[in-house]
Structure formats: structure tokens, C-alpha cells
Amino acid sequence: QLGTPFDPQPEYTFDPVSDYYVTELPLAGVSGIIGIGGMFSQTGPVTVGFEADMAAGNIESERVVEDTTPCIIDGDDDGCIAAIDWVATGRVIVGYESARLTPYATAGIAFADASGSADRPACGSGDACGFDEVLTGWTAGLGVRYAVSDQWSLKADVLYFDLGELEFDSEFVTGDFVFSELRLGVAYKY
């Protein structure tokens, strides 16, 4: 599969008491996804299965410079940036099999190696503040699989990820790492 992020996007907040100082960091790029899964129950047309996958690629924001803190200074180490090196999920899938078409809902746990930074004045020091850690959260979404043969199928997923609150090394800057991803690909049934 191949994936690309879309709204909503990660947000950095200056002064967590107010939503006024919130800056969104639009992620862009493409990731390659490999996964394994299977069906472990079927009652009539209703199927229940599991899927585990890992996505890696070039998913990051441009350096964001806004007219609000924490991303107000334009410079090499200032502004704000966010990036994802990899994302892994373990999800339950509940589908409705109808001839060759199987729409489904999915939800489970998500892990991501993410990093980012805000600019120096917002951080309260002479250095930019940031994070670089493996985040743990959840994912949920919808998908559809179309069987083109007994072994091969085309699939599409839309997943929402909530990887929780960010731990900047500053008392003034916080953030939430959320995003959605569109995934398109093929699956082989053996």
C-alpha cells in the first residue's frame, strides 16, 4: 500500500490555557506500507479479522512560520516543523462481505516515531524546543476491499490517528499529534 496524510494535522500550542495561539502543521509526503492480517471469524456475511502494518516514508511538514507564537520567527532553526519516520498499527477489522466487495470498519493501537520543534522565543530559552520520541495512541477508520481474483484484491483505507499530547522540552509549548491518512494498495490472500 501507499499512504498520504491529510486533515486534521498536528497542532502546536503556546500558552496551553488559550486556544488562540494554536498553529497547525500540515503534513505531506508518501509512505510505503507493508502489513499482514487475516480473518478469524465469519458469521454469514459479517467478517472479523486482524491487521498489523508498518508505514515508513517521507512524511513531514514544511517549516511553518505563522503570525502567532510558537511559530513566528523565520530562520534556519525557528518556525515550526513536524515529521513522522514510521507508523505501526495493530487493528481489529469488522467487515460485511458481499460478492467481491467488502466494506469494513477498523480500530486499534498505533505507534509512531515522530519529531518536531517550535521556535526559540516560544520555548523560553536560547534554543529551539522540540520532541523526538515514539508516540503511542489509537487509530480508527473505514476501508473497502475488492477481490479481483481468489488471491488478489484492491484495497483502500482512510484512517484517523490520535497519538496524544506532545512532550516539548518547554513549559510554554504543548501540542497534539493527530492526522488522517489515505491508503491505497493491493492485498494477497494465501
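What percentage of contacts between residues at least 6 apart in sequence join residues at least 24 apart? In this predicted model, the figure comes to 64%. The chain builds 1 helix and 11 strands, and these follow one another from the N terminus as β-β-β-β-β-β-β-β-α-β-β-β. Laid along the principal axes, the C-alpha atoms fill a box of roughly 60 × 30 × 25 Å. Of the 190 residues, 40% count as buried.

On the inside, the largest nonpolar core brings together 27 residues, and Tyr 12, Ile 84, Phe 168, Phe 177 and Phe 179 are the ones with the most contacts within it. Six elements each put in at least two residues: strand S7 (81-96), strand S8 (101-118), helix H1 (120-123), strand S9 (129-147), strand S10 (152-165) and strand S11 (173-188). S8 hands over the largest share, 4 residues. Ile 84 shows what such a core position looks like up close. Leaving aside residues up to four places away in sequence, Ile 84 touches Leu 27, Gly 57, Ile 59, Ala 112, Asp 113, Ala 114, Phe 177 and Phe 179. Two of the residues it meets, Phe 177 and Phe 179, are also listed with Ile 84 among the best-connected members of the core.

Ile 84 turns up again around an internal void. The search returns 1 cavity of 30 Å³ or more, and the largest cavity has a volume of about 60 Å³. Its walls are made by Pro 5, Ser 31, Ala 55, Ala 56, Gly 57, Ile 59, Ile 84, Asp 85, Trp 86, Val 87, Phe 179 and Glu 181. Strand S6 (46-61), S7 and S11 each supply at least two of these residues. Sorted by class, the cavity lining holds 8 nonpolar, 2 polar and 2 charged residues. Gly 57, Ile 59 and Phe 179, which belong to this lining, are also among the residues that Ile 84 touches.

The open space is another matter. The largest pocket has a volume of about 1,000 Å³. There are 36 lining residues, and Arg 145, Ser 153, Ala 187, Tyr 188 and Lys 189 sit closest to the pocket centre. Strand S5 (31-43) and strands S6, S7, S8, S9, S10 and S11 each bring at least two residues to this lining, with S5 giving the most, 8 residues. By class, the pocket lining splits into 16 nonpolar, 12 polar and 8 charged residues.

A search of the whole structure for covalent cross-links between cysteines yields 1 disulfide. The link joins Cys 71 to Cys 80, with the sulfur atoms 1.8 Å apart. The rotation about the S-S bond is -90 degrees, making the link left-handed. Are the two cysteines buried or exposed? Cys 71 counts as buried because its relative accessibility is 0%, and Cys 80 is likewise buried, since its relative accessible area is 0%.

Cys 80 also leads to Ser 117, a residue of strand S8. Apart from residues up to four places away in sequence, Ser 117 touches Tyr 12, Arg 63, Gly 79, Cys 80, Ile 81, Cys 129, Gly 130 and Phe 168. One of these neighbours, Gly 130, lies 13 residues away along the chain, yet the two C-alpha atoms are separated by 3.9 Å. Tyr 12 and Phe 168, also on the contact list, are among the core residues with the most contacts. Ser 117 has a relative accessible area of 16%, so it counts as buried, the cut-off being under 20%.

Two spots in the backbone deserve a look. Most residues other than glycine have a negative phi, and most peptide bonds are trans. The bond from Asp 7 to Pro 8, however, is cis, with omega near 0 degrees. Pro 8 sits in the loop between strand S1 (2-6) and strand S2 (11-14). At Ala 99 it is phi that stands out, with a positive value near 55 degrees in a residue other than glycine. Ala 99 is part of the loop between S7 and S8, and because its relative accessibility is 80%, Ala 99 counts as exposed.

Technical notes: Residues are numbered from 1 along each chain as its sequence is written. This is a predicted model: local features need pLDDT of at least 70, side-chain atom pairs count only at pLDDT 80 or more; totals for chains, interfaces and linings use all residues. Side-chain values use heavy atoms; hydrogens and water are left out. On a 1 Å grid over the protein atoms alone, a cavity is a set of points where a 1.4 Å probe fits but cannot get out, and a pocket is an open set with protein on both sides within 12 Å along at least five of seven lines; lining residues have an atom within 4 Å of a point. Grid points are joined across faces, edges and corners, and a volume is the space filled by probe spheres set on the points. Ala, Val, Leu, Ile, Met, Phe, Trp, Tyr, Cys and Pro count as nonpolar, Asp, Glu, Lys and Arg as charged, and the others, Gly among them, as polar. A nonpolar core is a set of buried Ala, Val, Leu, Ile, Met, Phe, Trp, Tyr and Cys residues joined through side-chain atoms within 4.5 Å. Buried means under 20% relative accessible area, exposed over 50%, partly exposed in between (1.4 Å probe, protein chains only). Contact means heavy atoms within 4.5 Å. A disulfide is a pair of cysteine sulfur atoms within 2.5 Å.
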